[in-house]
Amino acid sequence: LPESVVEDTFARILVAQGRVPHAEADGWMRRLSGVPGFRGAMSKSMGASQANTIGHLNEVRIADAAAQSNFKVHGIGVRFNDPHKKGVTDIDVLLERNGKHVAIEAKAYPADAIIPMDVFRADMLTLSEYRMAMAPKKVVPVFAITNKPANSDTWELLQHVAKHHNVELLVGSSDELVLQLPLLLR
């Protein structure tokens with residue numbers, strides 16, 4: 001089947017499952033159809049794991065909010081051969097605006113969740129490695145979390161790790177995140 005038909009089918013399944021409102025899925029199809037990784041992110045959102053569903057839908061929502069804010073969406077879940085991890089990983093969302101690039105690692109955790117710090121550190125390092133691999137392009141690496149951790153020690157540690165790896169740490173929904181991105185690109 002053509003890619004557009006598969007994307008449309010996946011969007012309809014997400015609506016039928018009650019995971020995405022119909023109007024939101026229609027918007028995705030207008031703005032994200034054909035974006036590398038869009039179909040895969042929707043497919044991964046259909047599974048039994050609630051955590052995976054929330055995470056992958058968050059990535060699509062960030063890409064969609066960015067598209068609505070005049071960013072070019074280069075991909076969702078873009079594969080990257082990370083020399084530090086000695087293997088293939090992914091960059092959750094890749095954006096561009098006015099020749100400037102943004103690489104986003106997106107996390108959708110509740111504020112009271114126990115943060116897997118080792119995973120978060122590794123993902124920040126991946127963003128740093130990606131920035132270096134893309135030189136001479138200017139890439140702004142962004143580690144985005146939907147909710148600020150309730151534990152102040154965890155928050156301070158996240159800030160420290162982000163600063164250590166020269167990664168921007170942003171908090172908020174997909175819409176809130178996209179409002180902050182133009183400030184980082186200045």
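The lining of the largest pocket in this predicted model draws at least two residues from each of three elements, namely helix H4 (50-68), strand S2 (87-97) and strand S3 (100-107). Among these contributors H4 gives the most, with seven residues, so that helix is a useful place to begin when following the walls of the pocket in the structure. The space in the largest pocket comes to about 360 Å³, and 15 residues line it, with Ala-51, Asn-52, Gly-55, Ala-106 and Tyr-109 lying nearest its centre. In terms of residue class, the lining is mixed, since six of its residues are nonpolar, four are polar and five are charged.

Helix H4 also takes part in a helix pair. Two packed helices are described by the angle between their axes and the distance between the axes. For H4 and helix H7 (residues 174-185), the axes come within 8 Å and cross at roughly 45°; an angle of that kind is neither under 35 degrees nor in the range from 65 to 115, and the two helices are therefore oblique to each other. The crossing of H4 and H7 is, moreover, right-handed.

Turning to the residues that make this contact, H4 contributes Arg-61, Ile-62, Ala-65 and Ala-66, which meet Ser-174, Asp-175, Leu-177 and Val-178 of H7. Sorted by class, the contact between H4 and H7 holds five nonpolar residues, one polar residue and two charged residues. Helix H4 thus appears both in the lining of the largest pocket and in the contact with H7.

Note on methods: Residues are numbered from 1 along each chain as its sequence is written. This is a predicted model: local features need pLDDT of at least 70, side-chain atom pairs count only at pLDDT 80 or more; totals for chains, interfaces and linings use all residues. Side-chain values use heavy atoms; hydrogens and water are left out. On a 1 Å grid over the protein atoms alone, a cavity is a set of points where a 1.4 Å probe fits but cannot get out, and a pocket is an open set with protein on both sides within 12 Å along at least five of seven lines; lining residues have an atom within 4 Å of a point. Grid points are joined across faces, edges and corners, and a volume is the space filled by probe spheres set on the points. Helices (H or I, at least four residues) and strands (E, at least two) are DSSP runs, numbered from the N terminus. Axes are lines fitted to C-alpha atoms, for helices over the stretch in contact, and angles run from 0 to 180 degrees between N-to-C directions. Angles under 35 degrees count as roughly parallel, over 145 as roughly antiparallel, 65 to 115 as roughly perpendicular and the rest as oblique. A crossing is left-handed if the near helix is turned anticlockwise from the far one by less than a right angle, and right-handed if clockwise. Contact means heavy atoms within 4.5 Å.
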